[in-house]
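Visitor: I would like a close look at one part of this structure. Please start at a loop and lead me from there into the sheet.

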Amino acid sequence: MSPQPDFKPQTIVVKIGTSSLTQPQTGQLALSTIATLVETLTHLQASGHHVILVSSGAVGVGCVRLGLSERPRSIAIKQAVAAVGQGRLMRVYDDLFTALQQPIAQVLLTRQDLVERSRYVNAYNTFGELFKLGVIPIVNENDTVAVEELKFGDNDTLSALVASLVEADWLFLLTDVDRLYWVDPNSNPDAQPIYRVQHPDELLEVQAGTSHSGWGTGGMETKITAARIATESGVHTAISAGRQPENIAKILQGESFGTLFDPKPSTGNARKRWIAHGLIASGTIYIDAGAEKAISIGGKSLLAAGIINVEGDFQNADAVRVHNTQNRLIARGITNYSSAELHKIQGCRSENISDILGYFVAETAIHRDNLVLMRSLKGKGHSDR
Ligand SMILES: Nc1ncnc2c1ncn2[C@@H]1O[C@H](COP(=O)(O)OP(=O)(O)O)[C@@H](O)[C@H]1O
Ligand SMILES: N[C@@H](CCC(=O)OP(=O)(O)O)C(=O)O
């Protein structure tokens, strides 16, 4: 299919949850849903868009294969079951995509792959090559080897981080309800729908309980977190019905389905997105109002003089959160000093650092090139993830 002259190819990440991929009663695969999803994504790819599918289901499909009637609680069993289910899931996807001559690839990621800069860049490059080859990558967490302390934990977060990584235009979170509501519509028949969200802080009152089906992970809470990460990276985000994957194309054409989240201007270059969302913060630096103004409005680096407290145990070059006096997250960055050093030099002028520590590392606690604002003084803030 040759694209129209005014056609703008978009990078589209679609995440589908276990509750949409499987039948609620039996746990068997929802084949007609999967087939429609495959048709929709193949059509988008053939129209010239770049498409990534983030698919859950390894644990659910593995359970059915092994005759387990509920999701295992033990991590070791979950990891073993995911190894069984992932292969079967890919087999089904490959059969359906192959029927439409659409090549696919399996990409299994761990949280560590996004923490290490070289692996982050490598993942970015691999997605780029797969797009050039016309392949639709199918992503899941590498559940079998993921360690508890360092996991995405849920595929909503994984899909948002992938969307940020590849600088996606759109993230679709497909689930077993048609949109986000103020309370869980499965337990509250009067639940009021939410159609559009300009800033995720509007959702502080939402009761985003856990999964209703017993097979999903995180319910709406993880989807709202995902929408926050994605929109902070400049990605349009939609929560919509998994049983109607064809709505993706309609939403792209401006039709009103699901809940739509407006993107913020992107955090800038790929390295800054990695600092903001790839890295995992090891501690928190609290700063005074003057320092907040300097970094938020003046675009300055953070100096030790503006630091009023330090929490956590971190080394230099670790990622940290920066909070203001109201304990709101305002930035993330890579610190030049360890927490032990910052305790000694907080509140001090840079020219006194050598005298206090007996050595000098850098004039700044966090250089502005390593600092990403999560909130401007003019904008609304949010509590940290
Ligand atoms: N405020 C809410 N709006 C909509 N759904 C909600 C809300 N709070 C909780 N839920 C529940 O979240 C479920 C979807 O989450 P989950 O089962 O984890 O899905 P998935 O497998 O798609 O990730 C819905 O079935 C619904 O019962
Ligand atoms: N990686 C897991 C999915 C975890 C998860 O987030 O599940 P879901 O809430 O159904 O999207 C699996 O493949 O079973």
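Guide: Start at Gln101, which sits in the loop between α4 (75-99) and β3. Keep in mind that this is a predicted model. The backbone at Gln101 deserves a look. Most residues other than glycine have a negative phi. Gln101 has a positive one, near 55°, and is not a glycine. Is Gln101 buried or exposed? Count the C-beta neighbours inside 10 Å: there are 8, so Gln101 counts as exposed. The cut-off for exposed is 12 or fewer.

Now step from the loop into β3. This strand covers 104-109 and is an edge strand of a sheet. The sheet is open and has 8 strands. Read across it in this order: β3-β4-β2-β1-β5-β7-β8-β6. The pairing is mixed. β3 pairs on one side only, and so does the other edge strand, β6 (196-197). A helix packs on this sheet too: α2, residues 31-46. Helix α2 touches β1 (11-16), β2 (50-55) and β4 (136-141). Its direction makes about 155° with that of β2.

Walk further along the order, to β5, β7 and β8. Strands of a sheet pair through backbone hydrogen bonds, either parallel or antiparallel. Here you can see both kinds around β7. β5 (residues 170-175) and β7 run parallel, with 6 bridges between them. One residue pair to find is Thr175 and its bridge partner in β7, Ala241. Then turn to the β8 side. β7 (residues 236-241) and β8 (residues 259-261) run antiparallel, joined by 3 bridges. Among the partners, Ala238 is bridged to Leu260 in β8. Ile239 has Thr259 as its partner in β8.

How many of the 6 residues of β7 are buried? The count is 5, so β7 is largely enclosed by the rest of the structure. A buried residue has 20 or more other C-beta atoms within 10 Å of its own.

Finish with one more loop. Asn327 lies between β11 (319-323) and β12 (329-334). Asn327 is not a glycine, and its phi is positive, near 60°. Asn327 has 11 C-beta neighbours inside 10 Å, so it counts as exposed. Put Asn327 beside Gln101, where you began: phi is positive at Asn327, and phi is positive at Gln101.

Terms used:
Residues are numbered from 1 along each chain as its sequence is written. Chains are lettered from A and ligands numbered from 1 in the order in which they are written. This is a predicted model: local features need pLDDT of at least 70, side-chain atom pairs count only at pLDDT 80 or more; totals for chains, interfaces and linings use all residues. Two strands pair if DSSP finds at least two bridges between them. Helices (H or I, at least four residues) and strands (E, at least two) are DSSP runs, numbered from the N terminus. Two residues are in contact if their C-beta atoms, placed from the backbone, lie within 7 Å. Axes are lines fitted to C-alpha atoms, for helices over the stretch in contact, and angles run from 0 to 180 degrees between N-to-C directions.
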